[in-house]
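Colleague: Please give me a close look at a single part of this model. Take one chain, start with its overall build, and finish with a place where the backbone does something unusual.

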Amino acid sequence: MSFKRFNKQNFIIDSANAFTSRKITKRDFLKKMGVAGVGISAYSAGMLGSGARPFFGNMAHAAESNTPEDVANFLREAGKPFAGTTIRYTSEATPPTNVLNELKSEFTELTGINVEIEIVPLEQVLAKATQDVQGELGTYDLYYLDQAWTSTFAQDCIDPVEYYKAKPDLAMPDFDFDDFSKPLVEGISEYEGKWIGLPFDIPIFTLMYRKDILEKHGIEIPKTYEDFTAAVEFITKAEKENNIYGTGCQAKSGHYSLECDWTQAVWGHGGSIFGADKNFSGNDEAAIEGLEWYQKMLANSPAASVTSTWDGQWQMGASGQIALCQSWAEFFPGWNADDSEVKGLWEMAKPLQGSATLRSRDDVGFGEIPGWGHQGGSSIALSRYSKNVDAAWLFLQWACSKDIMTRCTLAGGFAPMRNSSYEDPRIVERKGLVGSGTTRHLDTVKWTIDNVMASEPDLPIWAGVANNEIPTELGKLLTGQDYGGSAKKCMDQVAKLVDAVVDEAELG
Amino acid sequence: MSKRALLPRWLTSEHPLPWLFPVTSLLLVFGLYPILYSLWLSFYKRNPATRKETFLPSYNWEKLFADDRVWDAIQITFTYAFVALALQLILGLAIALLLDSDKKGFGVLRALMTLPLVVPPAVTGMMFLLMYDSSFGVISNALYSLNLLSPSAPILGTGSTALWGVIVADTWQWTPFMVLIMLAGLRALPKEPFEAASIDGATAIQSFIHLTLPMMSKIIALAVLIRGIDLFRIFDYVKVMTDSGPGTATETLTAYAGTVYFKSANFPYASTVALGTLILVLLTATLFIKIFKVRF
C-alpha cells in the first residue's frame, strides 16, 4: 500500500475501526500504526480537522516552466533593483498557494527577490491581516483575501489595474487583465468598481456523486433539490449496514464552512441573505425552507458532520462514507488521484437547481449574487502598507501570470482563473484522464462559474458576520443547544444580531 | 581597593529601589500598561466598517451588560471552573495521599506524575480531540461499548457533553499540579499528632478528617486560589478542541473575547469583555480570600 497522505488516513481509520470492533488485536493495531508512521502531532494535525483545505495534488504534474522569454527577461531586468529583498505573504493552505510555495524558487532565481509564504488556517489569516491593517504595519506585503473579506480590506489594498498603468517599467508584458474570468473578477476581486486584488483561487460548489452507488440502486444523477433529497434519503436507508450515508456536511459550529453550506441552501431555495432594503432576509420563508432542507440533509450525514469543516467533509468522501455531496469542486482531484481508494468512482455534475426562481440582483442587498453554485474564491492583493511594494508587485504579476496559473491547475487540479488556461494544451489533453492530474471536471466547473455562480454580499463587516454571528447561531440550532430545532426561531435571532451589526456600522 | 568599591554605587546600595526596579518595570510594561491600554480602548466605540473610533465611554460597558452571550459565557466559565477545580482538588488530594510514602519506588511515581504538566495545553487538546473522535477515538469507542454514549452524538459535537469533554482534558493535565502542592503539604505535616491519634485508636478516616484536613487547610486554600484563577482564564483547550462550540456550549469569557477580537475585529469591545473577566476574577478571588481567610 502506498502511504501518500490521504490513503494513509484511510488506512489509519480502517485500522482504528477494525481495532475498536475487535477484528484485529492491539498488537496488530500498533504494528499498523507504526507502518503508517503515526505520531501524535501528525495524526492530530492531519486527521482532526485543522481547518486546512485538502490538497492532494502532485507537483510532478506542474510541468516544466513555459514562461515566455520576454516575460523572463522582464523579470530579470525589473527585479535587479530589488535583489535580496524579502517579501512576505500569508495565506490559507489553498491548493494554488501550496503549488505556488513550491514554484516560488523559480521567481527568486529570475529576480533575486526572496518570498516567504506563511501558510496558516483561514481564521488565522483573517486575524493576521486584520492586525496588520489596523496598525498599518506592513508586516505582509501581500494579503490573501477570501471573497467574504474583499470589502473589509478594500481600503487597504492597491488596485492592481491602476498600479499596472502607473508603473509601466514594472508592468509585465502580455499580462492581459481581460484574460481573467469576468464572473470571477466581479465575484471575488472587485468592490465598488475597483479591483482589490487579482483572482487566485476558485473553490465552487458543484454536485459530486459516487457513480457506483447510484448505479447499484438505479438512481439517476440528481438535477434538482428534490432529486437529491430523494437519493440521499434512499441511500442512507439502503446503505445503513455498510455505514454509507447519503451525503455529508461541513457543519462545524461557529466555522465559516457552515455558513457556506447555509448560503448554498438558502440560494438553492430561492432565498437570499439580504433583501433590497439591506435588512437580513435569511429568516424569510424561502430561506427557512432552505435551512429546514439542510437540517434534513444533516440527519442523513455522518455524525462527524457537526464537527467537520471542509477537510472533514473531504475525508468523508475519501473514506467512502458518503455517496453524494454538493460541495467544493476542488475535492474532486484528490478523490480521483491514483492512490485514492475511491479513484474513478466519483463524478461531477452541475450544481443542483432549485424549484424556486433565483432572486435577481436588484432584489438583494450589498452586491450579493444569488446563484446555484456558491463560490468561495480568493484574491491575492497588494498591501497599501507594504515596505516592498514594487518587489511584491513583481511577485504578484508572476504568480498570476498565464503560465504559473496554468501550472497551478495542472499540479492541483483546481479551476484556473484565466480563460486561456482552459484552452492550454496541457489542460486539454488531460480531460480524458481518470486518475491523478485529471482535468475532466473542469468543463463543469467553468460552466458553473460562467452561468450559475453565487457570491456572498460585499459589505465591510461581512468577514465578522460570516465567521461569527451566523455560524454560531446555526451551530446552536443544529446541535440542539437552542431553538428547539426551529429554523425560524434561530434565523429570527440571527436577523436581530446581523441587523444590529449593520446598524452599528451605519450601513443600513 | 575592595571589590565593593569597584562596583557602581547603585549596585552596592542597600536601598530597595535598585533591586525592585527590574521586576517593577517588567510588571509596569507587561502588566499594568496593557490593562490601562485596554481600559482606554474600552471607552471607544468602533465602527467596524470604517474602523473609526469615537470616544463614548459607556458604550461598550452598556453593551457588555446587555449582551446575552456574555451572560452565557459567565455561566459556562463558572461551571467550567468549579467542576474542574472540584475534580482536580479531590483527585489531587487522593493521589497525593496514595503517593505520600517513603517506600521504594514512590519517588519515581511522584516524578512520573509531573509528566502531563510538561505537555503544552494545545497538544493536550489535540490528543483528546483524537481520543474523542467518533470514528476511531479510544474514549468515544469505550463509551459507545458501555452504551453510555451514542455514535450519533459525538462528545465534542453535542451541547450537553462538549463542556465535559474539555473539562476532562484540563483535569488530566492539571491534577498533577494539585498532587504536587498537596504532597508538599502532606510531607511537611508533623508526625506526632498522627502517632498520638493512632495510640488513642483513631481510624485512618478519622485522622484524615480531624487532623490532615485541618492542618492542610491553608495549603488547600492556596492551591484552590492559584488553580481557580487559572481556570477562569481558560482559552487554549476550548480554542483547540471546540472553538467555543457547538453553538456556544463551551464559550468561556476569554474565548468570547477572542472571538470578538479575532473574528469581528471589534478591539474596543473585546478589551471590554477581557476587562470584565479580570474584574470577575478579582472579585471572586477576593471573596474567596476573605471567606477562607487565606494568608500568604
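Modeller: What follows goes from one chain as a whole to one of its loops. This is a predicted model, in which local features need pLDDT of at least 70 and side-chain atom pairs count only at pLDDT 80 or more, while totals for chains, interfaces and linings use all residues. Residues are numbered from 1 along each chain as its sequence is written, and chains are lettered from A and ligands numbered from 1 in the order in which they are written.

The part is chain B, with 14 helices and two strands; these are DSSP runs numbered from the N terminus, helices being H or I of at least four residues and strands E of at least two. Chain B is more spread out than a compact globule, because its radius of gyration is 24 Å, well over the 19 Å that the globule rule gives for 296 residues. That radius is taken over C-alpha atoms, and the rule is 2.2 Å times the number of residues to the power 0.38. The C-alpha trace of chain B spans about 80 × 75 × 40 Å along its principal axes.

Of the 296 residues in chain B, 33% are buried. Buried means that 20 or more other C-beta atoms, placed from the backbone, lie within 10 Å of the residue's own; 12 or fewer is exposed, and in between is partly exposed. Contacts are pairs of residues whose C-beta atoms, placed from the backbone, lie within 7 Å. Among those in chain B with a separation of 6 or more, 69% join residues 24 or more positions apart.

Now the loop. Between α12 (236-241) and α13 (253-262) of chain B runs the loop that holds B:Pro246, and B:Ser244 lies in the loop between α12 and α13 too. The peptide bond joining B:Gly245 and B:Pro246 is cis, with omega about -5°. B:Ser244 has a phi near 80°, a positive value in a residue other than glycine. B:Ser244 has 26 other C-beta atoms within 10 Å, so it counts as buried.

For comparison, chain A also offers a residue with this kind of phi. A:Tyr483 has a positive value near 70° and is not glycine. A:Tyr483 sits in the loop between α21 (469-478) and α22 (487-504) of chain A. With 19 C-beta neighbours inside 10 Å, A:Tyr483 is classed as partly exposed, whereas B:Ser244 is buried.

How values were computed: Two residues are in contact if their C-beta atoms, placed from the backbone, lie within 7 Å.
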